[in-house]
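Me: Hi, I'm new to this one and would like a quick tour. Can I show you what I have open?

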Amino acid sequence: MKMLPYLPKEIVDIILEYHGGIIHREKFTPMLKGLIFHSIYFIYRTTPAFEINSIWGKEHCRQMMEVLLDCKCCIDHQKNRPTLEDFDNGVVPNYKTHNSSVKSCKCSCRCISRTICRDVNDEEIEYSQALHYGEIEPWDHDWP
């Protein structure tokens, strides 16, 4: 059986196209993840405070949480970061009450995920005019 010394040009072209597609995919996948993260950061920075849920909706907020949970920037940002279970179960992360020290990691994945959880899950309490003028106090029995 005699072997051909080369492959036909059509086969070589198919192999090279396939190889080029693999190289492109390998280079584009990390860039795509970064692009998605930066778009979430842009949404976070440009959406008015406490309006993420009303503007983008709960399902889109959940998708943003999924992306933010994939971030593995540092060990500190993986601690106390809300999970999808927390998001779905209505957990409201604690609000920051102190100034934190300067951190080496500048990623905002944990901050954004906490903000999204708070915006979606935190209850808004409508206060009546009577409460506004001090006629009813929280410790009164007629508190709404």
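Me: Let's jump right in. Is Lys79 buried, partly exposed or exposed?

Reply: Partly exposed: the relative accessible area of Lys79 is 45%. Before we go on, keep in mind that this is a predicted model.

Me: Got it. Where is Lys79 found?

Reply: Lys79 belongs to the loop between H3 and H4.

Me: And what does Lys79 touch, not counting residues up to four places away in sequence?

Reply: Two arginines, Arg110 and Arg114. Arg110 is 31 residues from Lys79 along the chain, yet their C-alpha atoms are separated by 8.6 Å.

Me: Let me step back a bit. How many helices and strands does the protein have?

Reply: There are 6 helices and 0 strands. Reading from the N terminus, the elements go α-α-α-α-α-α.

Me: How much of the protein is made up of buried residues?

Reply: Of the 144 residues, 21% are buried.

Me: And of the contacts between residues at least 6 apart in sequence, what share joins residues at least 24 apart?

Reply: That share is 67%. The Lys79 and Arg110 pair, at 31 residues apart, shows what a link across the sequence looks like here.

Me: Arg110 makes me curious about its helix. Which residues does H5 cover, and how far does H5 reach?

Reply: H5 takes in residues 109–121, which makes 13 residues. From the first C-alpha to the last, H5 reaches 18 Å, close to the 18 Å expected at 1.5 Å a residue.

Me: Why is H5 described as largely enclosed by the rest of the structure?

Reply: Because 10 of its 13 residues are buried. Among them are Cys109, Arg110, Ile112 and Ser113 towards one end of the list, and Asp119, Val120 and Asn121 towards the other.

Me: What do the buried residues of H5 pack against?

Reply: Four helices: H1 (9–46), H2 (52–56), H3 (58–69) and H4 (84–88).

Me: Pick one residue from that helix for me. Is Ser113 buried or exposed?

Reply: Ser113, which sits in H5, counts as buried, at 0% relative accessibility. Setting aside neighbours within four places in sequence, Ser113 is in contact with Met65, Leu68, Arg81 and Pro82. Met65 and Leu68 fall inside the 58–69 range of H3.

Me: New topic: pockets. How much space lies in the second largest pocket?

Reply: About 270 Å³. The lining of that pocket has 14 residues, and those nearest its centre are Ala49, Phe50, Thr115, Arg118 and Asp119.

Me: Which element gives the most to that lining?

Reply: H5 again, with 3 residues.

Me: How do the lining residues divide into nonpolar, polar and charged?

Reply: The split is 6 nonpolar, 2 polar and 6 charged.

Me: You mentioned Phe50. What is its phi like?

Reply: Phe50 has a positive phi of about 60 degrees, although it is not a glycine. That stands out because most residues other than glycine have a negative phi. Phe50 lies in the loop between H1 and H2 and counts as exposed, at 59% relative accessibility.

Me: What about Asn80, what is phi there?

Reply: Phi of Asn80 is near 55 degrees, also a positive value in a residue other than glycine. Asn80 is in the loop between H3 and H4, and it is exposed, with a relative accessible area of 65%.

Me: Back to the loop between H1 and H2. Is Thr47 buried or exposed there?

Reply: Thr47, in that loop between H1 and H2, is buried, with a relative accessible area of 12%.

Me: Which polar partners does the Thr47 side chain have?

Reply: A polar atom of the Thr47 side chain lies 2.6 Å from the backbone oxygen of Ile43. The side chains of Thr47 and Trp56 are joined by a polar contact of 3.2 Å.

Me: And which residues does Thr47 touch, leaving out those up to four places away in sequence?

Reply: Ile52, Ile55 and Trp56.

Me: Last one: where does Ile55 sit, and is Ile55 buried, partly exposed or exposed?

Reply: Ile55 is in helix H2 and is partly exposed, with a relative accessible area of 48%. Apart from neighbours within four places in sequence, Ile55 is in contact with Thr47 and Pro48.

Definitions and conventions
Residues numbered from 1 in each chain as written. Predicted model: local features only at pLDDT ≥ 70, side-chain atom pairs only at ≥ 80, totals over all residues. Heavy atoms only, no water. Helix = DSSP H or I, 4+ residues; strand = E, 2+ residues; numbered from the N terminus. Expected span 1.5 Å × (residues − 1). Buried < 20%, exposed > 50% of the residue type's maximum accessible area, 1.4 Å probe, protein only. Contact = heavy atoms within 4.5 Å. Polar contact = N/O pair within 3.5 Å; in protein donor to acceptor, adjacent residues only side chain to side chain. 1 Å grid on protein atoms, 1.4 Å probe; cavity = no way out; pocket = protein on both sides within 12 Å on 5 of 7 lines; lining within 4 Å. Points joined across faces, edges and corners; volume = space filled by probe spheres on them. Nonpolar A, V, L, I, M, F, W, Y, C, P; charged D, E, K, R; others polar.
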